[in-house]
Amino acid sequence: MTSRGGVWAVNGVNMPPSSLLRPELWLSRAMSRRVLEPDCPGKRWLCPRCGRQVAGLGNPGLPGTRHSVGMAVLGQLARRLGVADSWTRDRRCVADLALAPLGDAQLVLLRPRLLMNVNGRSVAQAAKLFGLTAEEVYLIHDELDKPLGKLALKLGGSARGHNGVRSCISCLNSSAMLRLRVGIGRPVHRSAVEDHVLGCFSPDEQELLPPLLDRATDLLLEHIRARSQGPSAGP
């Protein structure tokens with residue numbers, strides 16, 4: 001760390017004095033700058049056995065829809081980790097990235113800039129860049145077959161009709177990802193499914209969202225901590 005004209009440089013990243021008041025912020029920005037530097041794809045710079053990618057699936061530009069609730073959970077996770085202001089656009093992944101330490105774990109938060117049906121391209125490219133396996137990837141996504149407010153962790157398995165998950169399985173050539181399924185409920189009539197998924201939460205549903213996002217974030221953090229401290233943790 002050096003100082004030049006009142007501006008601190010950390011590993012080549014210029015930081016104004018005010019940022020020194022929030023060490024977790026400059027750490028995240030310095031780590032994010034590391035993402036933007038040229039690198040050999042697949043080179044694992046994260047701590048062995050401690051790197052995790054957490055991807056919030058959804059449609060960019062449609063943050064208030066049921067289909068993008070995975071991105072809403074990811075946003076809450078970023079706020080909890082103190083990196084909500086540290087998103088960096090990475091064109092190789094076609095996604096926004098934020099990096100955050102969590103105890104012994106190092107997290108790559110990923111918010112795809114591609115449509116849901118091809119979210120897997122962003123997830124797989126980021127995994128390749130950071131040298132992560134499918135087993136080290138968490139997917140957060142909406143789940144029609146669970147009522148709003150219900151959460152479930154699922155290890156592996158089929159996409160169960162979810163196009164974003166199907167894309168991830170195809171691009172990673174594996175179904176070994178751990179998935180946090182966030183219930184959004186299924187409409188009575190099958191013909192209403194598309195409008196329901198792509199529609200915004202109703203006013204009544206929006207009142208349930210803040211505690212739901214908190215519980216989803218708690219569940220993720222608990223599971224990631226457990227996996228980083230032990231050889232394995234069940235879903």
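Strands β6 and β7 form a hairpin with 2 residues between them, and Gly103 in the turn takes a positive phi of about 60°. Strands here are DSSP runs of E of at least two residues, helices are runs of H or I of at least four, and both are numbered from the N terminus. This is a predicted model, in which local features need pLDDT of at least 70 and side-chain atom pairs count only at pLDDT 80 or more, while totals for chains, interfaces and linings use all residues. Residues are numbered from 1 along each chain as its sequence is written, and side-chain values use heavy atoms, with hydrogens and water left out.

The two strands of the hairpin pair in the antiparallel sense over 8 bridges, where pairing requires that DSSP finds at least two bridges between the strands. Within this ladder, Ala100 stands opposite Leu107 in β7. Strand β7 also pairs with β4, in the parallel sense and over 5 bridges, and there Gly51 faces Gln106 of β7. Of the 8 residues in β7, 7 are buried, that is, under 20% relative accessible area with a 1.4 Å probe and protein chains only (exposed is over 50%, partly exposed in between).

A wider view places these strands in an open sheet of 7 strands with mixed pairing, in the order β5-β6-β7-β4-β8-β10-β9. Strands β5 (88-90) and β9 (151-155) are the edges, each pairing on one side only. From one strand to the next, the twist averages 30°. Strand β4 (residues 51-56) runs parallel to β8 (residues 137-143), to which it is joined by 4 bridges; Ala55 stands opposite Leu139 in β8.

Helix α2 (residues 69-80) lies across β4, β7, β8 and β10, at about 140° to β7. Such angles run from 0 to 180 degrees between N-to-C directions, with axes fitted as lines to C-alpha atoms, for helices over the stretch in contact.

Which residues of helix α4 (residues 163-172) are buried? They are Gly164, Val165, Ser167, Cys168 and Leu172. Seen down the axis of α4, these residues fall within an arc of 155°, so they line one face of the helix; the arc is taken from the directions from the helix axis to the C-beta atoms. Their cover includes α3 (119-130), β8 and β10, with contact meaning heavy atoms within 4.5 Å. Just after α4, Asn173 has a positive phi of about 55°.

The packing can be followed through the nonpolar cores, each a set of buried Ala, Val, Leu, Ile, Met, Phe, Trp, Tyr and Cys residues joined through side-chain atoms within 4.5 Å. The largest has 32 residues, of which Val54, Leu81 and Leu109 touch the most other members. Elements giving two or more residues to this core include α2, β6, β7 and β8, and α6 gives the most, with 7 residues. Apart from this core lies another, of 25 residues, among them Leu99, Val108, Val165 and Ala176.

Val54 belongs to strand β4 and counts as buried because its relative accessibility is 0%. Leaving aside residues up to four places away in sequence, the contacts of Val54 include Leu74, Leu77, Leu109, Tyr138 and Ile224. Val54 and Arg111 are 57 residues apart in sequence and 8.8 Å apart in space, C-alpha to C-alpha. With the same sequence neighbours left out, Leu109 touches Val54, Leu74 and Leu77, and its contacts also include Trp87 and Asp96.
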